[in-house]
Amino acid sequence: MSAKDVYHNTVKVALQKEGWLITHDPLVLELSSGRLEIDLGAEQLIAAQKDNIQIAVEIKSFLSPSTTSEFHHALGQFLNYRVALKVKDPNRVLFLAVPVKVYRNFFFGELAQLSISEYHVKVLVFDPEQEVIVQWNN
């Protein structure tokens, strides 16, 4: 089992405040090459459509001195998880959860914007102090 991110419970609470049901903590994907653990799995019933939306959320704190280095790691992990989800749980949409301060200070930069656009990274922005979701970037 991998260590939980410092903001794990913060994002969990923020999702629950928006009406998400946490279904997996962590969401485990078994592959012949090994086991992957995405931080959270959640679902929400959309009454108008009578359908469930299922998501997986990988949480990153970006607390190390090099945000760029952490972004490299987070992006690689995100892409690996998305490939595994495509095979094991194709209806689930993967999001990368980042704190609002990091999003504003780093994710508007050219490297992050080019990468997000190139790899179609879905980002969930949260406020760690208020424990709320600030923005969903699909």
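Two strands count as paired here if DSSP finds at least two bridges between them, and the strands themselves are DSSP runs of E at least two residues long, just as helices are runs of H or I of at least four, both numbered from the N terminus. With that settled, β7 and β8 turn out to run antiparallel, joined by 5 bridges. Within this pairing, V125 stands opposite Q135 in β8. The two strands make a hairpin with 4 residues between them.

A word on the ground rules. The model is a predicted one, so local features need pLDDT of at least 70 and side-chain atom pairs count only at pLDDT 80 or more, while totals for chains, interfaces and linings use all residues. Residues are numbered from 1 along each chain as its sequence is written, and side-chain values use heavy atoms, with hydrogens and water left out.

Back to the hairpin, and to some backbone oddities. In the turn sits E131, in the loop between β7 and β8 (132-137). E131 has a positive phi of about 55° although it is not a glycine. At 28% relative accessibility, E131 counts as partly exposed, the scale being buried under 20% relative accessible area, exposed over 50% and partly exposed in between, with a 1.4 Å probe and protein chains only. A positive phi also turns up at H120, near 50°, again in a residue other than glycine. H120 is found in the loop between α4 and β7, and is exposed, with a relative accessible area of 59%. The third oddity is a peptide bond: the one from D25 to P26 is cis, with omega near 10°. P26 has its place in the loop between β1 and β2. For context, most residues other than glycine have a negative phi, and most peptide bonds are trans.

P26 is also among the contacts of I38, which leads to the interior. A nonpolar core means a set of buried Ala, Val, Leu, Ile, Met, Phe, Trp, Tyr and Cys residues joined through side-chain atoms within 4.5 Å. The largest such core has 25 residues, of which I38, V98 and F107 touch the most other members. The elements giving two or more residues to this core are β2 (27-31), α2 (67-88), β6 (92-99), α3 (100-105), α4 (110-119) and β7 (123-127). Of these, α2 gives the most, with 7 residues. Apart from this core lies another, of 16 residues, among them Y7, L15, L40 and V57. Taking contact as heavy atoms within 4.5 Å, and leaving aside neighbours within four places in sequence, I38 is in contact with P26, L27, L29, A56, V57, E58, Y81, L85 and L94.

The packing leaves some gaps. A cavity is a set of points, on a 1 Å grid over the protein atoms alone, where a 1.4 Å probe fits but cannot get out, and its lining residues have an atom within 4 Å of a point. Grid points are joined across faces, edges and corners, and a volume is the space filled by probe spheres set on the points. By this rule there are 2 cavities of 30 Å³ or more. The second largest has a volume of about 30 Å³, and is lined by F71, A74, L75, F78, L96, F107, I116, V121 and V123. Once more α2 gives the most, here to the lining of the second largest cavity, with 4 residues. Also in helix α2 is L79, partly exposed with a relative accessible area of 21%. The C-alpha atoms of L79 and Y119 are separated by 8.0 Å, though these residues are 40 apart along the chain.

Some charged side chains round things off. D89 lies in the loop between α2 and β6 and is buried, with a relative accessible area of 17%. The D89 side chain makes a polar contact of 2.7 Å with that of R92; such a contact is a pair of N or O atoms within 3.5 Å, where within protein one must be able to donate a hydrogen and the other to accept it, and residues adjacent in sequence count only if both atoms are side-chain atoms. Leaving aside neighbours within four places in sequence, D89 is in contact with Q54 and A84. E37, in strand β3 (residues 34-38), is buried too, at a relative accessible area of 12%, and a polar contact of 3.1 Å joins the side chains of E37 and R35.

Notes
1 Å grid on protein atoms, 1.4 Å probe; cavity = no way out; pocket = protein on both sides within 12 Å on 5 of 7 lines; lining within 4 Å.
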